[in-house]
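Thanks for making the time this morning. I would like to talk through one structure with you, beginning where its chains meet and then turning to a single helix.

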Amino acid sequence: MKPIRTAKIYSSFTKTNFLLTFAYRGQVFLWLLGGLLTAVMSGLLWWAVFKFGDGATSIAGFTYPQMLLYMIMSAICGEALYCGTADEIARDVRNGVIGMRLTKPISYQGQHVAMAIGNFGGRMIVIGIPMITLGTIVAVFGFGLTGIEWYNVLLAVPALFLGLLLKNAIGFMFGQIAFKTQAMWGVLSMLDVFVSFLSGAIVPLSLFPSGVQTALGYTPFPSVISLPVRIFMGMCTPYEIAIGFATSLFWIVVLNVLGALWYKRSVRHVVVFGG
Amino acid sequence: MLKELKLYPKYVSMSLRSSLSYKADAILQILSFAVTEAVSLATIYLIVGTVPSVGIWSFEALAMLCGFTLIPKGIDHMFFDDLWILAYWAVRLGELDPYLTRPVNPLFQFVAKTFKWAGSGELVVGIVIMAIFAPQCAVMWTASGIIGIIVCAFLGIFVFTGIKLIFASLAFWVKSSGVILNTVYNFCNYAKYPLKYMGKAFLSIMLYVVPFGLFLYKPMECLITGENIWWSALWSAVAAVALVALGLFIWHRGLRRYESAGN
């Protein structure tokens, strides 16, 4: 009975965040618009590179239609996987709300996982699924992209979900810095830039020097954006998908354990007056 | 105006003392700007590095353009950063009351109260990038070109401020215009791309609708192609005057709608 009761408690956080996305759908739409603009600009930039560069038809294993869909997909996935965990921890610490959170008989870390899942579900319905469908139609019928298969689309869903859990675990870990400094704006900006760049949200990782690609393969970052997008586009072999899923699961466990240990140390520094 | 000029150093001094009392925090903010721009440059390298050049734009020329865009952006950041607070929270939470009760221009008080020296991170990174890549570009450096670039950067500060003021002041109508401002402001990041080759429609938007291309991209293109840079400077001046005037107009109209109770 206990696991059911626990799931019920955390599902209320999921439900609240899911519904919040619908309540603020105008704001979510504007953020998506920003993401899409970035994708369009990247698409235009790549168009310039393909057309006015050295005339190559393929760059780093991507034809232009593939590059276009990659940029659209990574922009939409980046928005759908938005995870405000670190930001919320910073706000809780700054406002002193963390004190109240500590009095509740539930895990602070689990609460953030539940909220991130609700947020993800809402964002996928409001913006993710419609925009991914639209982007795929544009790339397939407008630019003649081939290779999109239904089983890859289905496999991309759990890959995206694992990406979300990873992003949440990274956010929870770095959110602990809020217990040490008030300058979380700078920390969060750097974190966001690093995660976006190293996860392949800004450019495909195949553009990186081969040594860097190999090193990144041992980190959790490619599993956040690059893996789900490449699975969706049919650019991964079954072996790569299996390794990708195993790597994601490994890092989810490691980062959550590290986050829990760090949190245990951090709460000793809590000052509940706010600041 | 004279009163404001006399008061300004006091505001700056107060803001500096306040921010320097949290040295580590300030350093983290500067570092975050520097890291963001370094990643931006690395992205351009990864994209453009796949081909020898995109038309007239080599990687070195685009890096120089990237550095140049940071200079007016960083200066605007230092002096007018609190317009973001106006857009996101100040109107919604009814936080403008103190500025309306003092015998000094409320807009001046609102922007002068914070001197964001973290913006110097962008400024320094921009100057360093330009210093590294400018000598590597195939540009004929003339006195006219150098002065033209400085004038465009100077005018660019006011274009940035004008655009921020216009969209931040929309908060008086929509209560929180931060996301709208953020979307428009982010167009400045596209001015570091080779706009000439990204389609006429997009180039026109960047020159005439959200004119970041006018004072950031166009002067650099003029330097590379040898075109007259002063046309860019002239149109940048027109854009700066028009946008700041429009921003002030919207701010004044919006202030009449302000409610202390917030929303």
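How many residues does the contact take from chain A and from chain B? Bearing in mind throughout that what you have on the screen is a predicted model, the contact takes 31 residues from chain A and 31 residues from chain B. If we stay with the side of chain A that touches chain B, at least two residues come from each of α2(A), residues 25-52, and α8(A), residues 184-199, and α2(A) is the element that gives the most, with 13 residues. In character, that side of chain A divides into 23 nonpolar residues, seven polar ones and one charged one.

Let me now move to chain B and its helix α3(B), which runs over residues 59-80. With 22 residues at 1.5 Å a residue, α3(B) should span 32 Å, and because its end C-alpha atoms are in fact 32 Å apart in the model, the expected and the computed values agree. The helix is also mostly covered, in that 19 of the 22 residues of α3(B) are buried.

As for its packing, the axis of α3(B) comes within 7 Å of the axis of α7(B), the helix of residues 120-133, and the two cross at roughly 155°. Since angles over 145 degrees count as roughly antiparallel, that crossing makes α3(B) roughly antiparallel to α7(B). The crossing in which α3(B) passes α7(B) is left-handed, and the residues of this helix-helix contact divide into 14 nonpolar, five polar and three charged.

Definitions and conventions: Residues numbered from 1 in each chain as written. Chains lettered and ligands numbered in written order. Predicted model: local features only at pLDDT ≥ 70, side-chain atom pairs only at ≥ 80, totals over all residues. Helix = DSSP H or I, 4+ residues; strand = E, 2+ residues; numbered from the N terminus. Expected span 1.5 Å × (residues − 1). Buried ≥ 20, exposed ≤ 12 C-beta atoms within 10 Å, placed from the backbone. Axes fitted to C-alpha atoms, helices over the stretch in contact; angles between N-to-C directions. Parallel < 35°, antiparallel > 145°, perpendicular 65-115°, else oblique. Left-handed = near helix turned anticlockwise from the far one by under 90°. Nonpolar A, V, L, I, M, F, W, Y, C, P; charged D, E, K, R; others polar. Contact = placed C-beta atoms within 7 Å.
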